[in-house]
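Please look through the sequence and the structure below before reading on. The paragraphs that follow walk through the model one region at a time, beginning with a term that the later reasoning will need.

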Amino acid sequence: MSDEDITLTAGDAEATVRPGHGGRIGGLRVGGLELLRQGDRFGCFPMVPWCGRIREGRFRDGAAVHQMPLNSPPHAIHGTARDGAWRTARTSAGEAVMTYDLVDPWPYPGRVTQVVALTEDALTLSMSVETYDSSFPAQIGWHPWFHRNLGGQDVRLAFEPGWQEERGDDHLPTGRRVDPRPGPWDDCFGMPGGVDVTLTWPGQLELKVTSPEEWVVVYDEQESAVCVEPQTGPPDGLNTHPRLVTPLEPLEATTTWTWRRP
């Protein structure tokens, strides 16, 4: 099938899915309010086969060391799939299924499948990485750019992490876990019971980001947007917290955004 944009609808919610632009969610409108920052770099893009930064773009798999392009010098960031064209496998009024085949510069063959499902009060994103060949380390995550302001007061973030990954001067975790610190953040937090972050635009909308995964990066250093990024491991996790994809065991993850209006 084609990689043309897809519009999903459920009640007064509408999501635009952009397979040809990195498999991202290009927009999410609830009751006429657009929640996501617009533009080819924004919306909500999948982070795969890694999340966040890889230190100097290098990761080790056994004895082999692989070099990824330094697209955020001196590091590599956010995987390769957001830069590629995904293919639409099937669609319905409220669901789209897309696939992306891992290619160079990623050194291992594999297929990523992403399912986007919209209901009247929730958007659920699911992703899996499969291989029928070599096993390899990988990560899955999502990088939504939520508008800081929807025309009223700025959004408020509420979450209770178990710890914060101490961030070094290079923006990567040092390996130490510290008590959560006040923002602004470009930081990774651990939530052992699963990701659970609430965004509230006072008087307009409350949106809850949840995931069974226990890692979330919160980025709120920009004036126009805030990011809440559930993922299967911390930044540089291919080196420090690898999750293995094997022919028998795919890597799978999911996140759900649930909203309600006052």
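A residue is called buried when its relative accessible area is under 20%, exposed when that area is over 50%, and partly exposed in between. With these limits in hand, and keeping in mind that this is a predicted model, we can start with one charged residue: glutamate 221 has a relative accessibility of 41%, and therefore counts as partly exposed. Its side chain meets that of arginine 167 in a salt bridge, with 3.8 Å from N to O. Arginine 167 is partly exposed as well, with a relative accessible area of 32%. The pair connects distant parts of the chain, since glutamate 221 sits in the loop between S23 and S24 whereas arginine 167 belongs to strand S18 (residues 163-167), and the two are 54 residues apart.

The loop that holds glutamate 221 leads us to the strands on either side of it. S23 and S24 form a hairpin with 5 residues between them, and 5 bridges join S23 to strand S24 (residues 225-231), the two running antiparallel. Within this pairing, tyrosine 219 stands opposite cysteine 227 in S24. S23 also has a partner in strand S20 (residues 186-190), to which it is joined by 5 bridges, again in the antiparallel sense. There, cysteine 188 has valine 217 of S23 as its bridge partner.

Is strand S23 largely enclosed or largely open to the outside? In strand S23 (residues 215-219), 5 of the 5 residues are buried, so the strand is largely enclosed by the rest of the structure. In a regular strand the side chains alternate between the two faces of the sheet. Here, Trp215, Val217 and Tyr219 point one way from S23, while Val216 and Val218 point the other way, and all of them are buried.

Valine 217, which lies in strand S23, gives a closer view of these surroundings. Its relative accessible area is 7%, which is under the limit of 20%, and so valine 217 counts as buried. Leaving aside neighbours within four places in sequence, valine 217 is in contact with Asp186, Asp187, Cys188, Cys227, Val228, Glu229, Gln231 and Pro235. Glutamate 130, by comparison, is 87 residues from valine 217 in sequence and 24 Å from it in space, C-alpha to C-alpha.

We can now turn to the nonpolar interior. The largest nonpolar core has 61 residues, and those with the most contacts inside it are Leu28 and Trp257. Not counting residues up to four places away in sequence, tryptophan 257 touches Leu28, Leu36, Cys44, Asp121, Ala122, Leu123, Leu125, Pro144, Phe146, Leu207, Lys208 and Val209. Apart from this core lies another one, of 8 residues, among them Phe45, Cys51, Ala225 and Cys227.

Next comes a sheet. Strands of a sheet pair through backbone hydrogen bonds, either parallel or antiparallel. In this model, an open sheet of 8 strands has the order S10-S11-S12-S13-S26-S22-S21-S17, and its pairing is antiparallel. Its edge strands are strand S10 (87-91) and strand S17 (156-158), each of which pairs on one side only. On average, neighbouring strands of this sheet are turned by 15° against each other, with direction ignored.

At the S10 edge, S10 and strand S11 (residues 95-102) pair in the antiparallel sense over 4 bridges, and the two strands form a hairpin with 3 residues between them. Two pairs of residues help to trace this arrangement: threonine 88 stands opposite methionine 98 in S11, and arginine 90 has valine 97 in S11 as its bridge partner.

Finally, we return to charged side chains. Side chains of opposite charge can pair when their charged atoms come close. A search of the whole structure finds 18 salt bridges. One of them joins the side chains of lysine 208 and aspartate 196, at 3.3 Å from N to O. Lysine 208 lies in strand S22 (residues 205-211) and aspartate 196 in strand S21 (residues 195-201), so this pair ties together parts that are 12 residues apart in sequence. Lysine 208 counts as partly exposed at 30% relative accessibility, and aspartate 196 is also partly exposed, with a relative accessible area of 34%.

Notes
Residues are numbered from 1 along each chain as its sequence is written. This is a predicted model: local features need pLDDT of at least 70, side-chain atom pairs count only at pLDDT 80 or more; totals for chains, interfaces and linings use all residues. Side-chain values use heavy atoms; hydrogens and water are left out. A nonpolar core is a set of buried Ala, Val, Leu, Ile, Met, Phe, Trp, Tyr and Cys residues joined through side-chain atoms within 4.5 Å. Buried means under 20% relative accessible area, exposed over 50%, partly exposed in between (1.4 Å probe, protein chains only). Contact means heavy atoms within 4.5 Å. Two strands pair if DSSP finds at least two bridges between them. Axes are lines fitted to C-alpha atoms, for helices over the stretch in contact, and angles run from 0 to 180 degrees between N-to-C directions. A salt bridge is a side-chain nitrogen of Lys or Arg within 4 Å of a carboxyl oxygen of Asp or Glu.
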